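Let's take a walk through this one, a few sites at a time. Have the viewer ready and follow along.

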Amino acid sequence: MAYEELKQEIIDYSKSIGIDKVGFASVDVFTELKSRLERQQDLGYQSGFEKGSVEERTNPVKLMPEAQSIISIALAYPSRLKDAPKSKKGERRGLFCRASWGKDYHDILRDKLEKLAAFLSEKVYGFNYRSMVDTGELSDRAVAERAGIGFSGKNTTLITPEFGSYVYLGEMITNVPFTPDEPVEDSCGECTKCIDACPTGALVQGGQLNAQKCIAFLTQTKDFLPDEYRGKLGNRIYGCDTCQLVCPKNRKKDFHLHPEMEPDPEVVKPKLVPLLSMSNREFKEKFGDIAGSWRGKKPIQRNAIIALGHYKEESAVEELIRLMKKDPRPVIRGTAAWSLGKIGTEEAFEAIEAAKQIETDEQVQFEMDKGLEFKETARQHA
Ligand code: SF4
Ligand code: SF4
């Protein structure tokens, strides 16, 4: 009974520190998740960013032997940019996904969880806990689903009735035996909008994600982007929101409840060409605070180069030629050559041909050949 009262106190306290929803879950093994993860592993659908073994990821007691409950928290984030600058010819812009807008959410949620832990330490003698946000072993989504925060949609996001899927999730395993909350009913029904809208077919059989095909994952890789995905990237330089944008559960969901989550449009929708010549220090200064910078400058620049090719942005040709000739990173030189071919001006093709004479890296040479292959297409359209 005492814990029921404490539960209410936690809910009230959470609200007072800016946690938008809180739920309680048992520490039973996540059996469904376990078989899904095993299946994913067999099929090679994993992103490679996962932490821990399948056993650790599905059994909270493995992570904390005295575990008795899990507290799940959710914070709503904005879905619309106020005063978004236009991406126009001569000044094309890229886009970071919504989960990367504002200050890095990992820090914001960790701070809330720490406050909650301090609060509980005052209330419960011998309180012990282990908290995690996104990068821990547990699946934030599976915990939140069990704790009644929302249901797991076919787009593999956690959908809350209040805020749609635009929520950040975190959790805390505790040694307090709180009674678990009831899960929210799955209400995707017959809808398949997210599956139909996914540009790469990464959502398989509703509810399963092939991370190897998902743009959100692909934008974070550091090597050459496989050819078949380059045309699908559009202006995305980090992450992808398509399967959330089309979801009817997200209609009119746009919450601006946390000042630190307010995006700076110049940061989350930056001009592409200036991105290409940024020093590490400039990159850190401009993007260091947002979640989308965690993989560093290279993938963002590679994606920006692809986006410029997608726009056939002629004003970028000079800068792309400079990168193709001088950048020390083969991925950047090669992608620039490919993008120059996509843009397809005479100057671009001549530059690729000239650079090919002195290029020594085989992969870059291969990309240069690919760039030159666009010549035929460019001729047909001339
Ligand atoms: S994030 Fe993009 S690529 Fe990934 S499943 Fe959703 S729509 Fe498809
Ligand atoms: S788009 Fe439809 S199927 Fe996909 S998550 Fe939203 S409600 Fe579910």
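What follows covers the ligand shell, the cysteines, the annotated sites and one loop residue.

First, the ground rules: this is a predicted model, where local features need pLDDT of at least 70 and side-chain atom pairs count only at pLDDT 80 or more, while totals for chains, interfaces and linings use all residues. Residues are numbered from 1 along each chain as its sequence is written, chains are lettered from A and ligands numbered from 1 in the order in which they are written, and side-chain values use heavy atoms, with hydrogens and water left out.

Start at ligand 1. Its surroundings are made up of Cys 198, Pro 199, Thr 200, Leu 203, Leu 209, Cys 214, Ile 215, Cys 240, Thr 242 and Cys 243, where being around the ligand takes a heavy atom within 4 Å of it. That shell splits into eight nonpolar residues, two polar and no charged. For the bookkeeping, Ala, Val, Leu, Ile, Met, Phe, Trp, Tyr, Cys and Pro count as nonpolar, Asp, Glu, Lys and Arg as charged, and the others, Gly among them, as polar.

What about disulfides? A search of the whole structure turns up zero of them, the criterion being a pair of cysteine sulfur atoms within 2.5 Å. Take Cys 97: its closest cysteine sulfur sits in Cys 240, and at 8.4 Å that is too far for a bond. Cys 97 is buried at 11% relative accessibility, and Cys 240 is buried too, at 18%. Here buried means under 20% relative accessible area, exposed means over 50%, and partly exposed is in between (1.4 Å probe, protein chains only).

Now for the annotations. An unreviewed UniProt entry puts "active site" on Asp 134; such positions are given in the numbering used here, feature names are shortened, and annotations may be inferred rather than shown by experiment. Asp 134 is in the loop between β4 (129–132) and α6 (140–146), with helices (H or I, at least four residues) and strands (E, at least two) taken as DSSP runs numbered from the N terminus. Asp 134 counts as partly exposed because its relative accessibility is 38%. Leaving out residues up to four places away in sequence, Asp 134 touches Tyr 105, His 106, Asp 140 and Leu 169, contact being heavy atoms within 4.5 Å. The side chains of Asp 134 and Tyr 105 also share a polar contact of 3.2 Å. That term means a pair of N or O atoms within 3.5 Å; within protein, one must be able to donate a hydrogen and the other to accept it, and residues adjacent in sequence count only if both atoms are side-chain atoms.

His 106 belongs to helix α5 (residues 105–123) and is buried at 11% relative accessibility. Its side chain makes polar contacts with those of Asp 104 at 2.6 Å and Tyr 105 at 3.4 Å.

The unreviewed UniProt entry also lists "binding site" positions, including Lys 222, Arg 295 and Lys 298. Lys 222 sits in the loop between α8 (215–218) and α9 (227–230), whereas Lys 298 is in helix α14 (residues 297–311). The Lys 222 side chain reaches the backbone oxygen of Arg 295 at 3.5 Å, and the backbone oxygen of Lys 222 lies 3.5 Å from a polar atom of the Lys 298 side chain.

Finally, look at Ala 67, in the loop between α4 (60–63) and β2 (69–76). Ala 67 and Ile 173 are 106 residues apart in sequence, yet 6.2 Å apart in space, C-alpha to C-alpha.
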